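This report describes the sheets of a predicted model and the helices packed against them. Please read it alongside the sequence and coordinates.

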Amino acid sequence: MRFTTLDEWLQWLECQHPRAIDLGLERVSVVAKALNIALAMPVITVAGTNGKGSCVALSSAILSAEGYRVGTYTSPHLVHYNERIGIAGRYVSDDELLAAFSAIDEARGATSLTYFEFGTLAALWLFQRAELDVVILEVGLGGRLDAVNIVDADIAIVSSIAIDHEAWLGSDREVIGREKAGVFRQGRIAVVGDLNPPQSVLNYGRDIGATVLCRDRDFSYSESTSQWQWQWQGLDAQGDKLEYHGLPLPSVLLDNAATVLQALQYLDLNVSDAAVRSGLSRVELSGRCQHIVLDGVDIVLDVAHNPAAVVTLRQHLQQYPVSGRSRCVFAVMADKAIAEMVSILQPWFESWWLADLDGNSRAAGASDVSGMLMIQQVSGVQYGGSVAASIQQAMAQSASGDRIVVFGSFFTVAEAMLFLSERGGVDVKSVITAKGNTL
């Protein structure tokens, strides 16, 4: 064993490969073969610009409610690295990760792996040993060349397609869509939740012989005040039209919930109506429109880090207004469409607290963001220092009934969670920093 603590391993993983992001399947495939990794259970792979985490969380909640042992792999994490790998309703332990990393390090020989590739192999290595009924894998970046794609998914989901990560995926939806469709497999099911999928997605599915199902063409949903309905345009195994009526509203977007319900129809496992309703009622996802009330102030944590996600955040704020004033704490990566993100939410906040993410070389400095806001004539711009200090200052100006929205990146929300845990607002039992995240 190279190291004796998880923190030591993670620090080493961050610097042992020459590039933090190095897309491609060659290296990870070689090591997976050396580890004899072969998953015997059904696999769902989830790709997409936004909504991947929601799809994984809801799929897991429904299948777990049915009594299945579910493995989940997601990224990035917010506070604990362990959050990335779930086995039968729990996060893996430090000791399990130490064993997995040691096995990978021994098997890789001279092959260099990225931080993400190490984590992906660790998840697969642990899943293979956990006697699971189903595994759900979230793509980290893109799809075609993402390390997760070494596994042939029985069912592939593409939740949404928008502009993000242009340096790696391209600058238009057609190119990005083709990258995400790379998780499709011949003769297998692909479910697309995007209402207007790029033609490249449909063409690729057709060319390889996948069965591609699209929202509002093959399945749809409708919403009322306190419940929603889902309908599949096809027929179930008995030749009956499949519908769900009076479903409980989940804490995730219905776009994603509808996509998950369609995918589960094709999983070779029985999923009852009761499990669907239980999963919808219980699903939780930290850092996605997450509300924490502290001293009467509604603090909303959201990892929105691209324009499409910020539009979703705006819709959520519209749906759940507050009686008082709204402020925000904003910190973001420099390679994001910052000006567009700001313009979407500009009218919503009377003050913008700009925070610095110290020690993060990819983060935009608060002074740079301030310049962009000045060009857009955004009023109430203030420099808050760290995320924690910014929240403190925004809280000092707030009264009961007001709202503070913290958004811009996973790093931003992670720092907010750590601060709020000290104030009693979030249950964070131990601290492992969010190093190695790419969003």
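In which sense do β1 and β6 pair, and over how many bridges? The two strands run parallel and are joined by 4 bridges.

## The eight-strand sheet

β1 and β6 belong to an open sheet of 8 strands, in the order β4-β3-β2-β5-β1-β6-β7-β8. The pairing in this sheet is mixed. Its edges are formed by β4 (90-91) and β8 (211-214), each of which pairs on one side only.

On one side of β6 is β1, where I44 has I155 of β6 as its bridge partner. β6 is also joined to β7 by 4 bridges, again in the parallel sense, and here I157 stands opposite V191 of β7. The pairing continues from β7 (residues 189-192) to β8, which are parallel over 4 bridges. In that pair, A190 faces V212 of β8.

The side chains of β6 divide between two directions: I155 and I157 point one way, A156 and V158 the other. Are these four residues buried or exposed? All of them are buried.

## Helix α3 and its partners

Helix α3 lies across four strands of the eight-strand sheet, namely β1 (43-47), β2 (70-73), β5 (134-138) and β6 (155-158). The helix runs at about 170° to β5.

α3 (residues 52-65) also packs with helix α10 (residues 273-282), at an angle of about 135° and with the axes 7 Å apart. The two helices are therefore oblique to each other, and their crossing is right-handed. On the α3 side the contact is made by L58, A61, I62 and A65, and on the α10 side by A275, V276, S278, G279 and L280. Sorted by class, this contact has 7 nonpolar and 2 polar residues, with no charged residues.

## The α4 and α5 pair

How do the axes of helix α4 (residues 94-108) and helix α5 (residues 115-128) cross? They come within 9 Å and cross at roughly 110°, so α4 and α5 are roughly perpendicular to each other. The crossing of α4 and α5 is right-handed.

From α4, the contact includes E96, L97, A99, A100, F101, A103, I104, D105 and R108. These meet F118, G119, L121, A122, W125 and L126 of α5. The α4 contact with α5 has 11 nonpolar residues, 1 polar residue and 3 charged residues.

## The six-strand sheet

Another open sheet has 6 strands in the order β12-β13-β17-β14-β15-β16, with mixed pairing. Its edge strands are β12 (290-294) and β16 (381-385), and each of these pairs on one side only. On average, neighbouring strands of this sheet are turned by 25° against each other, direction ignored.

Next to the β16 edge is β15 (residues 351-355). The two strands run parallel and are joined by 4 bridges. W353 has Q382 of β16 as its bridge partner.

## Helices across the six-strand sheet

Which strands does helix α12 (residues 338-345) lie across? They are β14 (326-330), β15 and β17 (403-407), and the helix runs at about 165° to β14.

Helix α15 (residues 410-422) lies across β12, β13 (297-302) and β17. The direction of α15 is at about 140° to β13. Strand β17 is thus crossed by α12 and by α15.

How values were computed: Residues are numbered from 1 along each chain as its sequence is written. This is a predicted model: local features need pLDDT of at least 70, side-chain atom pairs count only at pLDDT 80 or more; totals for chains, interfaces and linings use all residues. Side-chain values use heavy atoms; hydrogens and water are left out. Two strands pair if DSSP finds at least two bridges between them. Axes are lines fitted to C-alpha atoms, for helices over the stretch in contact, and angles run from 0 to 180 degrees between N-to-C directions. Contact means heavy atoms within 4.5 Å. Angles under 35 degrees count as roughly parallel, over 145 as roughly antiparallel, 65 to 115 as roughly perpendicular and the rest as oblique. A crossing is left-handed if the near helix is turned anticlockwise from the far one by less than a right angle, and right-handed if clockwise. Ala, Val, Leu, Ile, Met, Phe, Trp, Tyr, Cys and Pro count as nonpolar, Asp, Glu, Lys and Arg as charged, and the others, Gly among them, as polar. Buried means under 20% relative accessible area, exposed over 50%, partly exposed in between (1.4 Å probe, protein chains only).
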